[in-house]
Amino acid sequence: MTVAALLQVQGLRVVYGKVEAVRGIDLELSTGEITTLVGANGAGKSTTLLALSGLVKKAAGRVLFDGRDLTRMAPHRIVASGVVQVAEGRATLTTLTVRENLELGAYSRRDRGSRADDLARVFELFPVLAERANGLAGNLSGGEQQMLAIGRALMARPRLLLLDEPSMGLAPIIVQDIFRKLLEINRAGLTIFLVEQNVRQALKIAQRAYVIETGRVVLTGSGRELLDNPAVQQAYLGG
Amino acid sequence: MLAQQLVNALSLGCVYALFALGFTLIFGVLGVINLSHGAVFMVGAYAAEQAVSHLGLPLWGALIVAFAFSGVLGLVIDLLVLRPLRARNAPHLIPMIATIGVGIILTNAIQGIFGAQNIRFPEQLVSNRTISVEGIDVTALELGIILLSFMLMALLLLALKKTQLGRALRAIAESPRAAYLLGINVEGLFYLTSFVAAGLGGIAGVLIGLYSNALFPLMGKSMLEKGIAVIILGGMGDMRGALIGGLFLGLAEVLSVAYVGSSMRDAVAFGLLFLILLIRPRGLFGTLMERKV
């Protein structure tokens, strides 16, 4: 591969009590690409993401981001170093306004001056957020909340965006829209790591893909390759 | 007569509100009912009294000592008691019980050092001047309590509403996990919250010590009961609720002393609170037991 690895995960294991949710996985994310981790519910996708953000303990393994070791770093330092996660489901703060949510996205940054520019950029990307800026985030529709969660993550000026099932609970047409925006964000230069149950959509936009089953990576390839793979088709794409 | 009572009620209510504000802030952000808050309030008053009698500090100096001493005490309680329980994901009841123990330790320690009898701030600490406006007498102390309380409460509410730090605290109150993912140093803000809330409690301790002209080791106990009543009335974790609830309790107490009799004070005041909760079980601003700031 010609592009450098931005994030390397080596032998990651996560254990909840007696259950081993992630059983030693290796991942490599290349700069500027969309990488996806797909699999069934409960396969260990979200746990992997939470481990990357430092929200669950790693039983073993290493996480290297652009040469820096994130393995034991506190969650807020991981965000400050440029790895920002959009959590699963309705990750917005419903008791805060849309604008307050977005401003909080820039919390980890010290350069206050450019916050207004970034806000304008997010509003340009998601015009609906500009219209609803002063309303409570809790009053947004599911799709709008997902846009807000993504916009808020962008306010941190991430170098790697982690997304946990952005399609969850959304109508297909909204999902299409969200994925188009993700492509747009990626083309502007942002590296994306996408965890999805909506396997078809995820594989379509990803350069590189991993399939995870019961805590282990069972298949790797380009998004295209996996879309054409008979085993993937049978297991995840409805034959 | 009524106007005069209202002024008295306002100054007393302000102190209740100040105490309850810290109490409810801890609940909103940390999700913990910190039952050592009454003892921390008492310790702040004693620290200020010591600073006045031994160092000869003026009132403003005593208030700063109370804020700092109680604040640091609140921080230490967080580090030694609440933090280990957080790290173990202890259910809500556990820190509540643990802080009862902390309160007992502090109360007994103060009693051991200073005795159980009442002590007082020196008389000359506050000017005994009285301002009369249209037949209503306002003492310098009452006026000072009202102004200081409103200033502190306005500062806190404004900071929560308008600053990035305030937004971060509200984010934690709604979802600590979301706050972590936003890059907020959640643990650090827990410490800050414990410090500020306890500090406000210490200031309230000085003000009530001056108002009732007595400090005693158990002074935090009745205050804690009032504080619990106020934040339940206001809606758990709600700042405006604590403010209005505190003022309401002050009003209810003063009016029941004036029109029913002082022996009936708590019965009437808490009876009224009970009635309000019958009508609004979630409190004035509350969504019951839901954490928010």
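Start in chain B by selecting His37(B), Val40(B), Phe41(B), Met42(B), Gly44(B), Ala45(B) and Ala48(B) in α2(B), then add the residues they meet in α8(B): Ala198(B), Gly201(B), Gly202(B), Ile203(B), Ala204(B), Gly205(B), Val206(B) and Gly209(B). Colour this contact by residue class and you will find nine nonpolar residues, six polar ones and no charged ones. As you look around, keep in mind that this is a predicted model.

Now show the two helices whole, α2 as residues 37–55 of chain B and α8 as residues 186–211 of chain B; their axes come within 7 Å and cross at roughly 60 degrees. That angle makes α2(B) oblique to α8(B). The crossing of α2(B) and α8(B) is right-handed.

**A second helix pair in chain B**

Next, select residues 140–162 of chain B for helix α5 and residues 164–174 of chain B for helix α6. How do their axes cross? They come within 5 Å and cross at roughly 80 degrees, which makes α5(B) roughly perpendicular to α6(B). To see the contact itself, pick Ala159(B), Leu160(B), Lys161(B) and Lys162(B) on α5(B), together with Leu165(B), Gly166(B), Leu169(B) and Arg170(B) on α6(B). By class, the contact of α5(B) with α6(B) has four nonpolar residues, one polar and three charged.

**The hairpin of chain B**

Move to residues 130–133 of chain B, strand β1, and residues 136–139 of chain B, strand β2: they run antiparallel and are joined by four bridges. Click on Ser132(B), and look across to Asp137(B), its bridge partner in β2(B). Two residues lie between the strands of this hairpin, and Glu134(B) takes a positive phi near 50 degrees.

**Chain B as a whole**

Zoom out to take in all of chain B, with its 11 helices and two strands. Followed along the sequence, the pattern reads α-α-α-α-β-β-α-α-α-α-α-α-α. The radius of gyration of chain B is 19 Å, close to the 19 Å that the globule rule gives for 293 residues, so chain B is as compact as a globular protein of that length. Along the principal axes, the C-alpha atoms of chain B fill a box of roughly 60 × 50 × 35 Å.

**The sheet of chain A**

Switch to chain A and display its strands. Which order do the strands take in the sheet? The order is β2-β1-β4-β5 (chain A), in an open sheet of four strands with antiparallel pairing. At the edges are β2 (19–30) and β5 (68–69) of chain A, each pairing on one side only. Helix α1, residues 45–52 of chain A, packs on the sheet and touches β1, β2 and β4 (60–65) of chain A. Its direction makes about 65 degrees with that of β2(A).

Stay with the sheet and select β1, residues 5–16 of chain A, which pairs with β2(A) in the antiparallel sense over nine bridges. Leu7(A) is a handy marker here, standing opposite Leu29(A) in β2(A). Follow β1(A) to the turn of its hairpin with β2(A), where two residues lie between the strands and Gly17(A) takes a positive phi near 60 degrees.

**Where the chains meet**

For the last stop, show both chains together: 20 residues of chain A are in contact with 16 residues of chain B. On the chain A side, select α2 (75–80) and α3 (98–105) of chain A, the elements that give two or more residues to the side touching chain B. That side of chain A has 11 nonpolar, seven polar and two charged residues.

How values were computed:
Residues numbered from 1 in each chain as written. Chains lettered and ligands numbered in written order. Predicted model: local features only at pLDDT ≥ 70, side-chain atom pairs only at ≥ 80, totals over all residues. Pairing = 2+ DSSP bridges. Contact = placed C-beta atoms within 7 Å. Axes fitted to C-alpha atoms, helices over the stretch in contact; angles between N-to-C directions. Parallel < 35°, antiparallel > 145°, perpendicular 65-115°, else oblique. Left-handed = near helix turned anticlockwise from the far one by under 90°. Nonpolar A, V, L, I, M, F, W, Y, C, P; charged D, E, K, R; others polar. Rg over C-alpha atoms; globule rule 2.2 N^0.38 Å.
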